[in-house]
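Here are a few notes to read alongside the structure. I hope they help you find your way around one strand and one charged patch.

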Amino acid sequence: MSTTELLQREWTAFRRPGRLIALTAAALTVIAISLVSSLGNRSSCDPGPCPAVPTAGDGSTVSDRFWFLHRDLGPEGSITVRMTSMTGTITYPPPNHDQIVSGLVPWAKAGIIVKDGLRQGSQYAALMMTGSHGVRFQYDYRHDVAGSAGGMSEQSPRWLRLSRSADTITAAESTDGRRWRTVGTAKLAGLPNTVQVGLFATSPGDLTLRKVGLGGAVEEVRFTQAVGSFDNVTVEGGATGSWHSDPVGQMNRTDWEKYHLASGAVQHDGVITVSGTGDIGPRSEEGVPAIALTLLGLPVALIVVIVVAARHGARTARDMDSRQVIAARAAVVGAATFVTGLVAVGVAFPAGLVILEANGIPVQPVSAPTGARVIAGVAGVLALCAMLTYGFGVLLRRGWAAILAGTSLVAVPYAVTALPLLPDTVSEWLLRLTPAAGFAVTQTMVKYPQVTAHYAPSAGYFPLPWWAGLVLLCAYTAVVVRLALGPRVRKPPRTPTGDSAGAAQVSQSH
């Protein structure tokens, strides 16, 4: 029998009503839960409507909120300042919510910036002091270049300079204002002739982790503010107009800002103090990532797939089929599951993202290649999990044992790491060592060193790259299926039974 004929025969045998109904129910479950969860998530702000999420030139959502003391700058020019101090405040931890303490979060920022207007998401290049990372040159949200480490004081100040030549911005630092060291250079394509240049301050929320479950963690963000002190401010070449003090993004609207920590710029005795809150940089996904909300039904579908594949494998073991039949049945199980996953995720993922965006939930745009990777990747992972469990069914010869093995190695690690149940370290190792690592194909969250965020499995961040997780799952599947294809005992050919068998033996004896 040819391979094609064998596959056709096994597909005909596989497509029993019970199995097809189970796979169809798995696909519909993924789609239904995705639509319900997406429709149930709405953004609400009190008072008034929620502010729009800033969008950069490449379409990605970003953080862009700070206090800006600024003036016009032409196509050629520079700004030079001396910084003598940087301080900050952080809301006191629970239960004393009405207190604040002095301190800076690691990525609090104060310094000088060149920006294409006051619109959030517009191009920029900034040279700054940070809370714990020394001097940094950052531009267009994703780029971060380290300068000298350490802090500053009135006795040991930092001089900062940004120079513009058309689209090129050069950052330099000095300890005495005479000897300068270049930190970095950025090219901001399409920068207009007149931009805004000046002093800024911002500070992201202080991220703390509250223990829950068996050692898991949930994020709590506390309000913070940064304050920078500047003097010897000099703007040269192409500078026109007067100074203006404005927030970029909404500021001074929360109760904390109204009654405790109002941001702004103040000049006194030649010293300019700028205070602000927020951040300038990539936007990390907050809370449950959008992709997780669109695929909440995936664990249910996974369990259905495991049950179907395990029972099919156990039936194969009882039939004592040949290697060719085992391989053909594994391929049929994988192909049927792949189509099921492709339909389910192909509908649930894009539809869920559209609904979330319409409901005001900030959603990072997903490029066509990334969307295709998620849809095809999840379908492929489900297919590999089905083949893995089928192999267990053949090896263990018991459907319940194969279901237990597949659930323990894939479904349980995937489910428990998606929740803030276990310590982050334990969850990360589970997703490095078990076949559940394959679900890293769903990852769209990017880890940025300059962004304060909870990079953990429960927040949607996998410890392995998507391709590495997929390779690990493939390795598990290949090993188990290869073991299932080990030495087989062929079923004996049919022989006459009963009286006819006895008669045949008597006949041969004569």
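**Notes on strand E3 and an arginine patch**

1. Let's begin with two neighbouring strands: E3 and strand E9 (residues 158-165) run antiparallel and are joined by eight bridges. If you would like a pair to look up, Val-81 has Leu-160 as its bridge partner in E9. Please keep in mind that this is a predicted model.

2. E3 also pairs with strand E15 (residues 224-236), again in the antiparallel sense, and here 11 bridges join the two. A handy place to look is Ile-79, which stands opposite Val-235 in E15.

3. A further partner of E3 is strand E4 (residues 100-102), with three bridges and an antiparallel arrangement. In this pairing, Ser-102 of E4 lies opposite Thr-89.

4. How many residues of strand E3 are buried? The strand covers residues 76-91, and 12 of its 16 residues are buried, so E3 is largely enclosed by the rest of the structure. Buried here means a relative accessible area under 20%.

5. Now for the surface: which residues gather in a patch of positive charge? They are Arg-16, Arg-311, Arg-315, Arg-318, Arg-397 and Arg-398.

6. One of these patch residues, Arg-398, is found in the loop between helix H7 (368-396) and helix H8 (399-418). Is Arg-398 buried, partly exposed or exposed? Its relative accessible area is 47%, and partly exposed covers the range between under 20% and over 50%, so Arg-398 counts as partly exposed.

Conventions:
Residues numbered from 1 in each chain as written. Predicted model: local features only at pLDDT ≥ 70, side-chain atom pairs only at ≥ 80, totals over all residues. Heavy atoms only, no water. Buried < 20%, exposed > 50% of the residue type's maximum accessible area, 1.4 Å probe, protein only. Helix = DSSP H or I, 4+ residues; strand = E, 2+ residues; numbered from the N terminus. Pairing = 2+ DSSP bridges. Patch = residues over 30% accessible without salt bridge, like charges linked within 9 Å, V, L, I, M, F, W, Y side chains within 5 Å. Areas by Shrake-Rupley, 256 points an atom, 1.4 Å probe, with all protein chains shown as cover. Salt bridge = Lys/Arg side-chain N within 4 Å of Asp/Glu carboxyl O. Lys, Arg positive; Asp, Glu negative; His and termini not counted. Charge placed at Lys NZ, Arg CZ, Asp CG, Glu CD.
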